[in-house]
Each structure stands twice: as structure tokens, then as C-alpha cells.
Amino acid sequence: MLKTFPKGGVHPPETKLSANEAIQVLPIPDSVTIPIAQHIGAPSTPVVKKGDKILVGQLLAKSSGFVSANIHSSVSGTVQKIDNVPDSSGYKRQSVIIKVEGDDWDENIDRSKEVKDDISLSKEEIIKKIFDSGIVGLGGATFPSHVKLSIPKGKTAEILIINGVECEPYLTSDHRLMLERSEELIVGTKILMKALGVGKAIIGIENNKPDAIEKLNKVNDNSSISIEALKVQYPQGGEKQLIKALTNREVPSGGLPIDVGAVVHNVGTALAVYEAIQKNKPLFERIVTLTGKSVSKPANYLVRIGTPISAIIERSGGLPEDTGKVINGGPMMGKAVNFLDAPVTKGTSGITIMPDEESHRGIIKDCIRCARCTQVCPIGLEPYLLMTLTEKSLFERLEKNDVMDCIECGSCSYTCPSDRPLLDYIRLGKVTVSKIIRARRQQ
Ligand code: SF4
Ligand code: SF4
């Protein structure tokens, strides 16, 4: 029987329209907008100014703390300005805007196609290089990767888990990466194992990607790395769900994977680690899926960070006439795009365009106490209660009911027969509760 997590979950239609589309290189735009905060943690500090000539891979903004990340240029050209520019949600963020001139790379980057398997750096050098290269979690969480690799005192890493689940409907960027960059992914996994000092790694993949499972099994030459097929069940790719499914270890409420000896990295992150360590290449491009039922050419693109989202949409045939909503990510966890010229960032795994008839939410009705939201919650929370407590601003009770454990998977909203916007309210509640927790820590 295929492994899975034991509690809750849903089965939304997979709709992986771009699964058979090989990764294409998206042309470099005329100019890029590179935000200095593309990660969880403190924004980085710009180290360039207007008029500076820039190479591909050059440092633009320096990490400003332990939980922060360097930002590098994805293009060569001239810095036009440093300005506040809207991101996909419409929120203005300080960004470096570069006019593109040619495609001249930092000469230290190895641009050869050769897959280098020999890992010469020490554990400490690997972590330092990952920090220098601005690598963050590419599954969407954008947590700085060097932090996850710096194991706190008193904790021990025992197992590395590489997340190749990609359970979010529509998205296929990780699937294509596993098929097309499999050798590099295996080396990236070995590098992460060395950085953690662990003797075991598992690459977890949902069983709806048999070609990726077969390919990775074929290229894997390390008996300490196993490829595990998992049951198709959303949200199989949630860190806690994946750890439970693969190791039967349960991350405690409020805890982290390292509390049970596990460290989880996405397949995209493992590839970025490979490129940083073996090719001296900082993180300045990523694979992005552009998809939707009315999109003329659903596809997977290798995109330079800072490219406008609108440029990818144009490449796939333009915005369909019946567009109702554009989502940064997939339909379960993604967030609405309010500004189409917003840049692709390190966390952009896909853009999903929903037709008008599918993008409308139903009219919100009263809760009928059916308990379906509770049954599908993979964490065991009571989503109807969390929404009510947020509505009534009862934040102390919200915290006591473990709102911060919510992984924002959206299974509750997806299931609710009364179309209650459970996740929207829970997200709102989490923002306030996290502010309260921060303020309490500072007292
Ligand atoms: S409460 Fe959070 S974790 Fe539970 S189903 Fe809803 S979104 Fe997912
Ligand atoms: S699923 Fe909707 S209607 Fe049912 S208990 Fe939850 S919030 Fe209420």
C-alpha cells in the first residue's frame, strides 16, 4: 500500500495540463524588477545604485541578518532606479530595476552542461556557499535554506527529505524538473546530505508522476537515497504530512521538522543547491508553470527572476478572454495576482489562470455544523471555530486553538458546503496572532 498521512486531506481534480510540456527558456525581457525581499525574514540591503553596470549573477542586495537572503541580478545591464514597486498582491516593495543590455554573466559561473558529481566542499563551506548564493525554499515557502541547514544546539538531523510531491493542482514545474534535471537533483541531494551530516535521504513523489519516479530510480547511484512513491492525496506536500507519511514521525504542535530529526527541502531547492555548489551559480532563475483551462499553450518555463508575470502570460498565448482570476501558485494555496506586471520572484512556482465561471466563489451561507472542515483538516484543527474566533477578534482563544499550526492548505474552504471563506479568515487571524506572539517575546 502507498504511504500517506493519516488524518484529513482532500482530492481536488489534478488538472496537470502542462505535465508533458518540456521546460522552455523564456526570453529575457527588456527590463527586470528585482525585489530585495523575496524571502521569509528581513529584507536585504541594496549594494548597488542608479547607473551601476551589472552582470548576471552579481550581488544586488546583501542579506541583513541570519534569517534573510542575498539577492542577485538575473540579467546584465544598467541599474535604472531603486524604487517601491507593487508585487503580485499589489503591495509595494523596494526593488532594483535593471535595463537589460546583452546577457553577460559573472565569469565565475560555470555555464557548461556537464553534471559534476564530485563534491569537494566541506559541510561548513557548503552551508556558507548556500547562504552566499541566496538560496531559499523554492516550493513556495521561501525560507532561507542555510537556516534550515544550521541545526540548533541540542538537536540532531537524522534524515533528509526531498519534497517532489507537487500536490497542488495544475502546477508541474517540480515534475518537469525531476524528469529533465534528475542527475543534478541527485547530486543536490548528496550535497544537502553532506551539509547535514545525515546518512539517509528520501525523495518523496506522489504516485501520479510514475515517469519521474522511474527516471530518478534510474539515475540514482547512491544506496543511501531512496525514491518513495506516495498516495495522491492533498496536501501530501505539506512538510508535516510528508514527514509523517515517509517516516511515521509526528512533528509536535508548534514544533519544527528538526524536532523529530528531519529536514525537508523542495526538489527546486536541491537543484539550486547543486548549481550553487558545483557551478558557482547564485539563485537568479527558476522554473515556473503557466497554466489554466483556457490558456492556449500551458507550459513550463525557465524564467529569470524579475521578469514581469505578463511576459510569461504573453508567451503562452496571452490572457484568455474568459479570464476570471489570475493566481500566483495553484488554486488551493495560491493568492490572487492584482498586478500582472509584477515580477516573478524566487517563490513563484506557477501562475494559474482561472476562467470566469470557475473563479467565482459561492454565496457565503450560514455554517450548518456539518464538521466536514474538521474532518478534512490534516492538522486536526477546527476551521469553523477558527473563522468565528477571527470574526469576533477573540485572538487569545484563537492562539489557544492552535491557529498557528494551520498550514494554509485550503482543504477546509474547498470542502465547506456553505462556501464559507475559512482560509481567508484563518490567514487574517494568523497575522494578528503572530504579531501578538512577537510583541510578547519582545517584552
Ligand atoms: S485549518 Fe488550515 S490546515 Fe486545516 S484544513 Fe484549513 S487551511 Fe488546512
Ligand atoms: S464545513 Fe462549513 S458548514 Fe460545515 S462545519 Fe465547517 S464551516 Fe460549517
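## Close-up views of a predicted model

**Figure 1. Helix α6, tucked inside.** Eight of the nine residues of helix α6 (residues 239-247) are buried, so the helix is largely enclosed by the rest of the structure. Keep in mind, here and in every view below, that this is a predicted model. The buried residues to look for are E239, K240, Q241, L242, I243, K244, A245 and L246. What sits over them? The cover includes four strands: β9 (159-163), β10 (201-206), β11 (225-230) and β12 (262-266). Just after α6 comes N248, with a positive phi of about 65°.

**Figure 2. The loop leading up to α6.** Here we look at P235, found in the loop between β11 and α6. The peptide bond that joins Y234 to P235 is cis, and its omega is near 0°. As a bit of background, most peptide bonds are trans.

**Figure 3. E206 and its surroundings.** E206 belongs to strand β10. Is E206 buried or exposed? With 24 other C-beta atoms within 10 Å, E206 is buried, because 20 or more is the mark for that. Setting aside neighbours within four places in sequence, E206 is in contact with V165, E166, C167, L230, V232 and Q236. To get a feel for distance, try N300: it is 94 residues from E206 along the chain, and the C-alpha atoms of the two are separated by 19 Å.

**Figure 4. Helix α1 and its two faces.** Helix α1 (residues 123-132) has four buried residues to pick out: I126, I127, I130 and F131. They cover an arc of only 135° around the axis, which puts them on the same side of α1. Turn to the face away from that buried side and you meet the exposed residues E124 and E125. Which helices help to cover the buried residues of α1? Among them are α2 (145-149), α4 (182-196) and α7 (267-279). After α1 comes G134, and its phi is positive, near 70°.

**Figure 5. T142, on the way from α1 to α2.** T142 is a residue of the loop between α1 and α2. Its phi is near 55°, a positive value in a residue other than glycine. For context, most residues other than glycine have a negative phi. T142 counts as buried, with 20 C-beta neighbours inside 10 Å.

**Figure 6. The largest nonpolar core, and another one.** The largest nonpolar core has 92 residues, and the members touching the most others are L160, I161, V273 and I312. Which residues does I312 contact, once neighbours within four places in sequence are left aside? They are L26, V288, L290, Y301, V303, T307 and I351. Apart from this core lies another, of 18 residues, including V376, L381, Y425 and I426.

**Figure 7. An open sheet of three strands.** The strands run in the order β3-β5-β6, and their pairing is antiparallel. At the edges are β3 (45-46) and β6 (71-72), each pairing on one side only. Strand β5 (residues 59-62) meets β6 in the antiparallel sense over two bridges. One spot to find is A61, which stands opposite I71 in β6. More generally, strands of a sheet pair through backbone hydrogen bonds.

**Figure 8. The shell around ligand 1.** Ligand 1 is surrounded by 16 residues, and the closest are C377, C406, C409, S411 and C412. Two elements give two or more residues to this shell: α13 (411-415) and α14 (422-442). Which element gives the most? That is α14, with three residues. By type, the shell around ligand 1 splits into 13 nonpolar, two polar and one charged.

**Figure 9. E408, in the loop before α13.** E408 lies in the loop between α12 (395-400) and α13. E408 is not a glycine, yet it has a positive phi of about 60°. How much cover does E408 have? It is partly exposed, with 14 other C-beta atoms within 10 Å.

**Figure 10. The shell around ligand 2.** Around ligand 2 there are 14 residues, the closest being C367, C370, C373, Y384 and C416. How do the residues of this shell divide into nonpolar, polar and charged? Nine are nonpolar, two are polar and three are charged.

Methods. Residues numbered from 1 in each chain as written. Chains lettered and ligands numbered in written order. Predicted model: local features only at pLDDT ≥ 70, side-chain atom pairs only at ≥ 80, totals over all residues. Core = buried A, V, L, I, M, F, W, Y, C linked by C-beta atoms within 7 Å. Buried ≥ 20, exposed ≤ 12 C-beta atoms within 10 Å, placed from the backbone. Contact = placed C-beta atoms within 7 Å. Near = placed C-beta within 6 Å. Nonpolar A, V, L, I, M, F, W, Y, C, P; charged D, E, K, R; others polar. Pairing = 2+ DSSP bridges. Arc of directions from axis to C-beta.
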